[in-house]
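Visitor: Please take me through one part of this model in close detail. I would like the sheet and whatever packs on it, then a few other spots along the chain.

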Amino acid sequence: MKAAFIHHINQPLEIRDVSLPKSRNGYKSVKVLYAGLNHRDVWISKGQYAGIKLPIIPGSDLIGLLENRKVIVNPAFNWGDNEKVQSRGFSILGLPENGSLAEFTLVPETNIFPSPEHLEDYQSASLPLAGLTAYRSLITKGNAQKGEHVFISGIGGGVALYAMQFSLALGCKVFVSSSSQSKIETAISMGASGGVNYQQENWESTLVDMSNGIDLVIDGAGGAGFNKLLKVMNPSGRICIYGGTQGLIQNISPQNLFWKQISIYGSTMGSPSDFENMLKFVNTHKIVPIIDSVFNLDQVNDAFQRMNNGLQFGKIVIQIGEK
């Protein structure tokens, strides 16, 4: 089979012919049709991820064929019995196990689910990791409610866009941020009520003026701008952090936290029940993923470069095989 390998840090991926994955008890070999790309894959290729082992076939998202059925895979393995937090044995498809950028991939049978029938194959391939992360952050941890004001940072990325779509489906009023005015305007055309450019000075004041305060923040950035989030929160507001692309958080005011009674939650991926509930939500509300672009497997390095440059609005998908 053909597969894309990361052999060396900061080097192009290599497409190679390799043996089919060896069968294991409790696992199934799925023929991959499309694979979704995530920032995680790019960070692994740049050596900016924990527990890297090389060579590795990256990729955490897929739609594939199993016994003539179209299936998607929950990429969160070995969550454990505690709904509140993942176990020590938790892992994600694509590292340390070989992932979905291959014609076949081996996954636990319990992690295999029917693909949503209202979606095209390339759309379904984009759903698992980002959809799961967004669902747990917004609903399981953030407890988003109809009518609330939700602020989503870094619109254009997969998790942020799913969080926006899920929020709108719940009846929330959504506000977004980006360094790109065109991405903000696109989000508004899709239903967001407003947006701010986080590179502009005093963006937090602009956000308060347009929103009259925020009840729930879904943040994947962290960094120096995080302290400004406290200034936009309504009393008893919640902040859920699922990523840290902007680095360490500094200069937090305890007074803003305790006086407004703000809650801060951390969230990583999601439990098996989160994944099942996310699929039910997508099916019930007929959520259609936002796709930026589709590449062929031999264009995998172009896909990685597009994501690394932050050019995408929506998910980047790679076609692997034929039906």
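Guide: Start with one pair of residues. Cys 240 stands opposite Tyr 265 in strand 15. This is a predicted model. Cys 240 and Tyr 265 face each other across two paired strands. Strand 14, residues 233–241, runs parallel to strand 15, and four bridges join the two.

Now widen the view. The sheet is open and has six strands, with parallel pairing. Its order is 12-11-10-13-14-15. Strand 12 (194–197) and strand 15 (263–266) are the edges, each pairing on one side only. On average, neighbouring strands of the sheet are turned by 20° against each other, direction ignored. In a regular strand, side chains alternate between the two faces of the sheet.

Helices come next. Helix 3, residues 128–141, packs on the sheet. It touches strand 10 (149–152), strand 13 (214–219), strand 14 and strand 15. The direction of helix 3 makes about 155° with that of strand 13. Helix 4, residues 158–170, packs on the sheet too. Its contacts there are with strand 10, strand 11 (173–178) and strand 13. The direction of helix 4 makes about 170° with that of strand 10. Strand 10 and strand 13 are thus touched by helix 3 and by helix 4.

The two helices also pack on each other. Their axes are 8 Å apart, and the angle between helix 3 and helix 4 is about 50°. That angle makes helix 3 oblique to helix 4. The crossing of helix 3 past helix 4 is right-handed. Which residues of helix 3 and helix 4 make the contact? From helix 3 come Ala 130, Gly 131, Thr 133, Ala 134, Tyr 135, Leu 138 and Ile 139. Helix 4 supplies Gly 158, Val 159, Tyr 162, Ala 163, Phe 166, Ser 167 and Leu 170. By class, the residues of this contact are 10 nonpolar, four polar and no charged.

Pairing elsewhere runs the other way. Strand 3 (residues 27–36) and strand 4 (residues 63–66) are antiparallel, joined by three bridges. Lys 31 stands opposite Leu 65 of strand 4. Leu 65 also has a bridge partner in strand 5, namely Lys 70. Strand 5 covers residues 69–73, and four bridges pair it with strand 4 in the antiparallel sense. Strand 4 and strand 5 form a hairpin, with two residues between them. Glu 67 sits in that turn and has a positive phi of about 55°.

Two single residues complete the tour. Phe 90 lies in the loop between strand 6 (76–77) and strand 7 (91–92). Is Phe 90 buried or exposed? Phe 90 has a relative accessible area of 17%, so it counts as buried, the cut-off being under 20%. Leave aside its neighbours within four places in sequence, and Phe 90 is in contact with Ala 76, Phe 77, Asn 78, Trp 79, Thr 268 and Met 269. Ala 76 is 14 residues from Phe 90 along the chain, with 7.3 Å between their C-alpha atoms.

Pro 254 is found in helix 8, residues 254–260. Its relative accessible area is 46%, so Pro 254 is partly exposed. Pro 254 and Leu 230 are 24 residues apart along the chain, and their C-alpha atoms are separated by 9.8 Å.

Terms used: Residues are numbered from 1 along each chain as its sequence is written. This is a predicted model: local features need pLDDT of at least 70, side-chain atom pairs count only at pLDDT 80 or more; totals for chains, interfaces and linings use all residues. Side-chain values use heavy atoms; hydrogens and water are left out. Two strands pair if DSSP finds at least two bridges between them. Axes are lines fitted to C-alpha atoms, for helices over the stretch in contact, and angles run from 0 to 180 degrees between N-to-C directions. Contact means heavy atoms within 4.5 Å. Angles under 35 degrees count as roughly parallel, over 145 as roughly antiparallel, 65 to 115 as roughly perpendicular and the rest as oblique. A crossing is left-handed if the near helix is turned anticlockwise from the far one by less than a right angle, and right-handed if clockwise. Ala, Val, Leu, Ile, Met, Phe, Trp, Tyr, Cys and Pro count as nonpolar, Asp, Glu, Lys and Arg as charged, and the others, Gly among them, as polar. Buried means under 20% relative accessible area, exposed over 50%, partly exposed in between (1.4 Å probe, protein chains only).
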